[in-house]
Structure formats: C-alpha cells, structure tokens
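The exercises below ask you to read a structure step by step, with a worked solution after each task. Please try each task on the structure before reading on.

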Amino acid sequence: MNPRQQAYFRAKLNAWKDAIKRESQGTLSQLQLDPLREADLTDRAASETDWGIELRTRDRQRKLISKIDAALRRIDEGEYGYCEVTGEPISLGRLEARPIATMTLEAQERHERQEKITRED
C-alpha cells in the first residue's frame, strides 16, 4: 500500500472514530439531562428499553473503537492492508467497505465456515 492510500485510510479511520465519540458524548449528555421520570409504568418500561438498546449500541461502538485503533497501529507498523492469515494484500474495495478488515475476503469466508462447523459440533 502506498503512502497516499495509507494517508487516506488513516483519515477515514480517524473520522469514523471521531464520529463515534461525538455520538457517545451526545448519549451521555442526554442521559444526564433526561433521567427517567415517566409516571406511567408502560411509558417508563418503553423508555428503559430504548435506553437499553442505546447503551448496547454504544458498547458495540466502544469495541469498534478498539478495532479502529488496532487498524491505525497496523498503518503505523506498515501491516495495514495485508491479511493476517495469508499475508496477501486485502483489496482496496474491501478496505473501503470495511476499513478495519484484517483478512482478505476469501480468508474471512474460510474463517466463518470453520467457525460455523465448530459451533455445530
């Protein structure tokens, strides 16, 4: 991967990370400003369910940030864009769609098939 492509993906990953952090900050602010005060039990249950979904989403995004950080480290180390299984280059199309990808599409498919077989046993 050439330096221009590395710079492009670094910027893309950093922008994605910043957007996630902004969304998380908005969620925290909303939680602090708008505590659950619905008098009706049904309304309160609905609000609690909505917040539960929101918090699970934020937890998934927290995990995503660690994957973004790992991708940024791979860029720094010169390993970004290469499959961790085969060592082959990951296609630019795959990296554009999933910038945190660590495997080629073929290696990922093999991994998922193997995982499915293992789960079924």
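**Exercise 1. The largest pocket**

How many nonpolar, polar and charged residues does the lining of the largest pocket have, by class?

Before starting, note that this is a predicted model, in which local features need pLDDT of at least 70 and side-chain atom pairs count only at pLDDT 80 or more, while totals for chains, interfaces and linings use all residues. Residues are numbered from 1 along each chain as its sequence is written, and side-chain values use heavy atoms, with hydrogens and water left out.

Step 1. List the lining, which consists of Lys67, Arg74, Arg94, Arg98, Ile100, Ala101, Thr102, Met103 and Gln108. A pocket is here an open set of points on a 1 Å grid over the protein atoms alone, where a 1.4 Å probe fits, with protein on both sides within 12 Å along at least five of seven lines, and lining residues have an atom within 4 Å of a point.

Step 2. Sort the lining by class, which gives three nonpolar, two polar and four charged residues. Ala, Val, Leu, Ile, Met, Phe, Trp, Tyr, Cys and Pro count as nonpolar, Asp, Glu, Lys and Arg as charged, and the others, Gly among them, as polar.

Step 3. Add the volume of the largest pocket, about 170 Å³, taken as the space filled by probe spheres set on the points, which are joined across faces, edges and corners.

**Exercise 2. The largest nonpolar core**

Find which residues of the largest nonpolar core touch the most other members, and which helix supplies the largest share.

Step 1. Of the 17 residues in this core, Leu13, Ile68, Ile75, Tyr80, Leu95 and Ile100 touch the most other members. Such a core is a set of buried Ala, Val, Leu, Ile, Met, Phe, Trp, Tyr and Cys residues joined through side-chain atoms within 4.5 Å, where buried means under 20% relative accessible area, exposed over 50%, and partly exposed in between (1.4 Å probe, protein chains only).

Step 2. Helix H1 (3-33) and helix H2 (41-77) each supply at least two residues of the core, and the largest share, six residues, comes from H2. Helices are DSSP runs (H or I, at least four residues), numbered from the N terminus.

Step 3. Follow the contacts (heavy atoms within 4.5 Å): not counting residues up to four places away in sequence, Ile68 touches Leu13, Trp16, Lys17, Ile20 and Ile100. Ile20, which lies in helix H1, counts as buried at 3% relative accessibility, and, leaving aside its neighbours within four places in sequence, Ile20 is in contact with Gln61, Leu64, Ile65 and Ile68.

**Exercise 3. The aromatic pairs**

Determine how the aromatic rings of Tyr8, Phe9 and Tyr80 are arranged.

Step 1. Rings of Phe, Tyr and Trp (its six-membered ring) pair if their centres lie within 6.5 Å, with planes under 30 degrees apart counted as stacked, over 60 as edge-to-face and the rest as tilted; by this rule there are two aromatic pairs.

Step 2. The ring centres of Tyr8 and Phe9 are 5.1 Å apart and their planes stand at 80 degrees, so this pair is edge-to-face.

Step 3. Phe9 and Tyr80 form a tilted pair, with 5.6 Å centre to centre and 50 degrees between the planes. Because Phe9 lies in helix H1 and Tyr80 in the loop between H2 and H3, this pair ties together parts that are 71 residues apart in sequence.

Step 4. Tyr8 is partly exposed at 40% relative accessibility, whereas Phe9 is buried at 3% and Tyr80 is buried at 1%. Tyr8, Phe9 and Tyr80 form one aromatic cluster.
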